[in-house]
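Take a walk through this protein from its overall layout down to single side chains. Keep the sequence and the model side by side as you read.

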Amino acid sequence: MKYQVLLICLVAYIAPSSSKTNFFGGRCSQQDPEVDDCLLRSFNSLVDHLKRGTPELGIERTETLVIDELSIALGSGPDGYRATFKDIHATGVENMTITNVRSDLETHQFQLTMYGPHISTTARYRSSGILLLVRASGGGDYWGEYEGVKAKVYFRGEPYTKKGKTYLKLKQLKLDFSVKSIRMGVENLENSNAVLEAALNLFINTNAQELMKEMKPQLKQDLAEKMSRFLDRILAKIPYNDLVVD
């Protein structure tokens, strides 16, 4: 009998801590008037876990975000400038932190404000059309340095029960972002020379924010799709009860 009692006590002691890892670092009470501050700490705790890699969730540690392709168009007609960027690699995304959380827990809606001090990108690109009164057809390497990146991510979930626990199914996600300052350019151009390359880089940096506006719609769509798949996978593995109680 004493061994049965000891076993029951041992299970009761171990079960709360080892049956699952609370990646949020704790739970937030829905009745807490400062619940958004608690959620801010909890979401950043989850982000810290994900940055280090989380085998329990099938997440490997990575420092690079990869985007397959995006395009821009400047001007219309047959001579309008078109550029396609492929195999885009972005580093520094892992240094983004959540700076603010707004929630409506009755309807399971969350808005996260994020900030990253610096993001660097590289890509291969091809272009066609007229730019700077010069036919700029060809390809080369693209690079970009983005300072002061701010993003807002809104998502809404729908609760469901699995094995006696509540989870969220992602129903909607939107995002937007802004960049305080941008430096970007091209190099190793095909069928070009140093003068044209310098002229292109001068134009690109002088009009960096305008070029970002052209890239932004497709970039937002691509990022939203990637984040939706990623977040839905995370929400399916972590009980909502690990984040919010009451």
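What follows goes from the chain as a whole to its strands, its cavity, its rings and a few single residues.

This is a predicted model. The protein chain has four helices and ten strands. Read from the N terminus, their order is α-β-α-β-β-β-β-β-β-β-β-α-α-β. The protein chain counts 246 residues, and 38% of them are buried.

Start with the strands. Strand S8 covers residues 138-162, and strand S9 covers residues 165-187. The two run antiparallel and are joined by 21 bridges. Two of the residue pairs are easy to find. Tyr160 has Tyr167 in S9 as its bridge partner. Ala151 is bridged to Phe177, again in S9. S8 also pairs with S5, and this pairing is antiparallel too, over 18 bridges. Here Thr113 finds its bridge partner in S8, at Lys152. Strand S5 itself spans 109-128. S8 therefore has pairings with both S9 and S5, since two strands count as paired when there are at least two bridges between them.

Now look at the turn between S8 and S9. The hairpin leaves two residues between the strands. Lys163 lies in this loop. Its phi is positive, about 55°, although Lys163 is not a glycine. Is Lys163 buried or exposed? Lys163 has 83% relative accessibility, so it counts as exposed; the cut-off for exposed is over 50%.

Compare another residue with a positive phi. His108 is not a glycine either, and its phi is near 60°. His108 sits in the loop between strand S4 (97-104) and strand S5. Its relative accessibility is 14%, so His108 counts as buried. The limit for buried is under 20%. Thus one loop residue with positive phi is exposed, Lys163, and another is buried, His108.

Stay with S4 for a moment. Val101 belongs to this strand. Val101 is buried, because its relative accessible area is 3%. Val101 and Cys38 are separated by 63 residues in sequence. In space, their C-alpha atoms are 9.1 Å apart.

Next, the interior space. How many cavities of 30 Å³ or more does the structure hold? There is one. The volume of the largest cavity is about 130 Å³. Its lining is made of 15 residues. Tyr81, Phe85, Val186, Ile204 and Leu211 are those nearest the centre. Several elements give two or more residues to this lining: strand S2 (64-74), strand S3 (81-91), S9, helix H3 (194-206) and helix H4 (208-235). Strands and helices thus both take part in the wall. What is the chemical class of the lining residues? The lining has 15 nonpolar residues, no polar ones and no charged ones.

Turn to the aromatic rings. The model has seven aromatic pairs. Take Phe24 and Phe43 as one of them. Their ring centres are 6.1 Å apart and their planes meet at 85°, so the pair is edge-to-face. The cut-offs behind this are centres within 6.5 Å and planes over 60 degrees apart. The pair links distant parts of the chain, 19 residues apart. Phe24 is in the loop between helix H1 (2-18) and strand S1 (28-29), while Phe43 is in helix H2 (residues 35-52). Both partners are buried. For Phe24 the relative accessible area is 7%, so it counts as buried. For Phe43 the value is 8%, so this ring is buried as well. The two also belong to a wider group. Phe24, Phe43, Phe110 and Phe155 form one aromatic cluster.

Rings meet charges too. Lys162 lies over the face of Tyr167, at 4.4 Å from the ring centre. Tyr167 is the residue already met as the bridge partner of Tyr160. Phe177, the bridge partner of Ala151, has a charge over its ring as well. That charge is the end of Lys216, which sits 5.2 Å from the ring centre.

To close, return to S9. This strand pairs with S8 over 21 bridges, and S9 also gives residues to the lining of the largest cavity. Val186 is among the residues nearest the centre of that cavity.

Technical notes:
Residues numbered from 1 in each chain as written. Predicted model: local features only at pLDDT ≥ 70, side-chain atom pairs only at ≥ 80, totals over all residues. Heavy atoms only, no water. 1 Å grid on protein atoms, 1.4 Å probe; cavity = no way out; pocket = protein on both sides within 12 Å on 5 of 7 lines; lining within 4 Å. Points joined across faces, edges and corners; volume = space filled by probe spheres on them. Nonpolar A, V, L, I, M, F, W, Y, C, P; charged D, E, K, R; others polar. Phe/Tyr/Trp six-rings, centres within 6.5 Å; stacked < 30°, edge-to-face > 60°. Buried < 20%, exposed > 50% of the residue type's maximum accessible area, 1.4 Å probe, protein only. Lys NZ or Arg CZ within 6 Å of the ring centre and 35° of its normal.
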